[in-house]
Amino acid sequence: MDPNRTLTLVPPVRLEGYGVRLREWSDGDLADLVALYDDPEMARWTPVASPFDLAAARAYLAGAREGQAEGRRVQLAITTDGVLPRGEVLLFRSGSDERDVELAYGVGPAHRGQGLAGRAVRLAAEYTVREIRPRRVVLRIDAANAASEAVARSCGFELTDEPPVRRESRGREAVLRTWRLRA
């Protein structure tokens, strides 16, 4: 991947496959963002604000738009019908190596156990490989997050032997293991 190349995608960004539709967030999604992210499990595993209220949703959406405009990241709602957000998948340049694209994801509490995360990650990873062509597609997952590790395995990612990545999130340190998409 050319280090000057960005992740900017031409709106509207829509990906479809595996029974999911990924789309950009809209102003009409604020209440849905609150329903997805104001959850103890989201607070435990993600760096989003907690509690996650309407003000946090507005700030989150503004940050998502700014990140996309700057070519740093793309945040897409996971839907099954193209309308109701059930979760989110993010694509962003890795802070460890800008030649890599990192994916992250979360599914709201009412929509877990339906395979949405795996289907969305698979779709986003395929898109990333095909259109962005990074050196690697990676996930960074807390070793205690067994559900996310299961998603990684099911989508063709393998654990690397790289040292854990440490990230600060809401005043606590997260220690994340690196998973890479198998060729």
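Me: Got my definition down: helices are DSSP runs of H or I with at least four residues, strands are E runs of at least two, and both are numbered from the N terminus. Where does Glu70 lie, then?

Reply: Keep in mind that this is a predicted model. In it, Glu70 lies in the loop that runs between H3 and S3.

Me: Is Glu70 buried, exposed or partly exposed?

Reply: Glu70 counts as partly exposed, because its relative accessibility is 44% and that class covers the range between under 20% (buried) and over 50% (exposed).

Me: And how far apart are Glu70 and Arg44 in space?

Reply: Their C-alpha atoms are 28 Å apart, with the two positions 26 residues apart in sequence.

Me: What about Arg99 and Pro134, how far apart are they?

Reply: Along the chain they are 35 residues apart, yet their C-alpha atoms are separated by 5.7 Å. Arg99 sits in the loop between S4 and S5, and with a relative accessible area of 40% it is partly exposed.

Me: Let's zoom out. How many helices and strands are there in the protein?

Reply: You'll find 5 helices and 9 strands. Reading from the N terminus, the order is β-β-α-α-α-β-β-β-α-β-α-β-β-β.

Me: How does the radius of gyration fit with the globule rule?

Reply: The radius of gyration is 15 Å and the globule rule gives 16 Å for 183 residues; those are close, so the protein is as compact as a globular protein of that length. Along the principal axes, the C-alpha atoms fill a box of roughly 40 × 35 × 30 Å.

Me: What share of the residues is buried?

Reply: Buried residues make up 48% of the 183.

Me: Which residues touch the most other members in the largest nonpolar core?

Reply: That core has 30 residues, and the ones touching the most other members are Leu22, Leu91, Leu103 and Phe157. Elements giving two or more residues to this core include strand S2 (20-24), strand S5 (100-107) and helix H5 (146-154). Helix H4 gives the most, with 9 residues.

Me: What else is there, apart from that core?

Reply: Another core of 15 residues lies apart from it, with Leu36, Phe52, Ala77 and Phe92 among its members.

Me: Why would there be cores like that?

Reply: In soluble globular proteins, nonpolar side chains tend to be buried together.

Me: Changing topic: which peptide bond is cis?

Reply: The one from Ser50 to Pro51, where omega is near 0°. Pro51 is in the loop between helix H2 (40-45) and helix H3 (54-69).

Me: What's up with phi at Tyr18?

Reply: Tyr18 isn't a glycine, but its phi is positive, about 55°. Tyr18 is in the loop between strand S1 (14-17) and S2, and its 38% relative accessibility makes it partly exposed.

Me: And what is phi of Arg133?

Reply: Phi of Arg133 is near 55°, again a positive value in a residue other than glycine. You can spot Arg133 in the loop between H4 and S6. Arg133 is partly exposed, since its relative accessibility is 49%.

Me: Last one: how many positive and negative side chains does the protein have?

Reply: There are 28 positive and 27 negative ones, and the centres of the two sets lie 3 Å apart. As for the surface, the protein exposes about 9000 Å², with carbon and sulfur atoms supplying 53% of that.

Technical notes
Residues are numbered from 1 along each chain as its sequence is written. This is a predicted model: local features need pLDDT of at least 70, side-chain atom pairs count only at pLDDT 80 or more; totals for chains, interfaces and linings use all residues. Side-chain values use heavy atoms; hydrogens and water are left out. The radius of gyration is taken over C-alpha atoms; the globule rule is 2.2 Å times the number of residues to the power 0.38. Buried means under 20% relative accessible area, exposed over 50%, partly exposed in between (1.4 Å probe, protein chains only). Accessible areas come from the Shrake-Rupley method with a 1.4 Å probe; for residues, only the protein chains shown count as cover. Lys and Arg count as positive and Asp and Glu as negative; His and the chain ends are not counted. The place of a charge is taken as NZ of Lys, CZ of Arg, CG of Asp or CD of Glu. A nonpolar core is a set of buried Ala, Val, Leu, Ile, Met, Phe, Trp, Tyr and Cys residues joined through side-chain atoms within 4.5 Å.
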